[in-house]
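Please find below my notes on this entry, set out as numbered points. They take up burial first, then strand pairing, the main pocket and the charged contacts.

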Amino acid sequence: MRRIIVAITGSSAPIYGIAALEALRASEGVETHLVVSEGARASLRHEAPEWTPERLAALADVSYAPNDMAAAISSGSFKTDGMLIAPCSMKTLAAVANGYSVDLIARAADVCLKERRRLVLLPRETPLNRAHLVNMLAVNDMGGVLLPPMPAFYGCPETIRDMVDHTIGKALDLLGVPHALFRRWGEG
């Protein structure tokens, strides 16, 4: 059984976290642990009102409150295979980059970094300022992976969801989770 943490933060595009949860739910042998930030709850109300926090929690095996610092995922002794923050706000990126465990998402990310587990962040901001870039570099240098959701067109996407699935597929590749979310370059 693989344990994957999924965090959804307050940046625009909670669809990335939703798509990740749906894909992981469809994957055999994956246990998901979900944290939805307060900012993400606001994004959901504006961008995906049909996705309540309760409906999201139903996609996960375990769900935590964003301030639950006693949650299992806050400890390195609780084994996980990695974490995906999708989308990742610049606030969360800054917290992760600076080891500032202000909430459960930042703490779980810190645990992944200190335990040398895979941490994948989908930063959502444009344009980027110097602080954003410095924080991205810091996370990269600590072993995290930055996967900005940039659409690829070689698969000839027909819908926004096709582009979302491509990005989530790339994230799942980094986490070692098999999927069929997009057509790979050089394949049929």
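1. A residue is called buried here when its relative accessible area is under 20%, exposed when that value is over 50%, and partly exposed in between. The model is a predicted one, and the points that follow should be read with that in mind. By this cut-off R107, at 22% relative accessibility, counts as partly exposed, and D110 falls in the partly exposed class too, with a value of 21%.

2. These two residues are also partners, since the side chains of R107 and D110 meet in a salt bridge with an N to O distance of 3.2 Å. Both belong to helix α5 (residues 104–114), where they are three residues apart, about one turn of the helix.

3. A similar question arises for helix α2: which residue forms a salt bridge with E38? The partner is R41, with the closest N and O atoms 3.8 Å apart, and the two lie three residues apart in helix α2, about one turn of the helix. E38 is exposed, at 53% relative accessibility, whereas R41 is partly exposed, with a relative accessible area of 25%.

4. The contact between R161 and E22 reaches across the sequence. Their side chains form a salt bridge at 2.6 Å, N to O; because R161 lies in helix α7 (residues 160–174) and E22 in helix α1 (residues 15–26), the pair ties together parts that are 139 residues apart in sequence. R161 is partly exposed at 31% relative accessibility, as is E22 at 27%. Salt bridges link E22, R161 and D165 in a network, and the count for the model comes to seven salt bridges.

5. Strand β4 (residues 82–88) deserves separate comment: seven of its seven residues are buried, so the strand is largely enclosed by the rest of the structure. In a regular strand the side chains alternate between the two faces of the sheet. In β4 both faces are covered, with G82, L84, A86 and C88 buried on one side and M83, I85 and P87 buried on the other.

6. The pairing of β4 involves strand β1 (residues 2–8), which runs parallel to β4 and is joined to it by four bridges, with A7 standing opposite I85. Strand β5 (residues 118–123) also pairs with β4 in the parallel sense, over five bridges, and L119 in β5 is the bridge partner of M83.

7. The largest pocket holds about 160 Å³ of space, and its lining includes T9, E38, K91 and D103. Helices α2 (38–47) and α4 (90–97) are the elements that give two or more residues to this lining, which by class has two nonpolar, six polar and three charged residues.

Terms used:
Residues are numbered from 1 along each chain as its sequence is written. This is a predicted model: local features need pLDDT of at least 70, side-chain atom pairs count only at pLDDT 80 or more; totals for chains, interfaces and linings use all residues. Side-chain values use heavy atoms; hydrogens and water are left out. Buried means under 20% relative accessible area, exposed over 50%, partly exposed in between (1.4 Å probe, protein chains only). Two strands pair if DSSP finds at least two bridges between them. On a 1 Å grid over the protein atoms alone, a cavity is a set of points where a 1.4 Å probe fits but cannot get out, and a pocket is an open set with protein on both sides within 12 Å along at least five of seven lines; lining residues have an atom within 4 Å of a point. Grid points are joined across faces, edges and corners, and a volume is the space filled by probe spheres set on the points. Ala, Val, Leu, Ile, Met, Phe, Trp, Tyr, Cys and Pro count as nonpolar, Asp, Glu, Lys and Arg as charged, and the others, Gly among them, as polar. A salt bridge is a side-chain nitrogen of Lys or Arg within 4 Å of a carboxyl oxygen of Asp or Glu.
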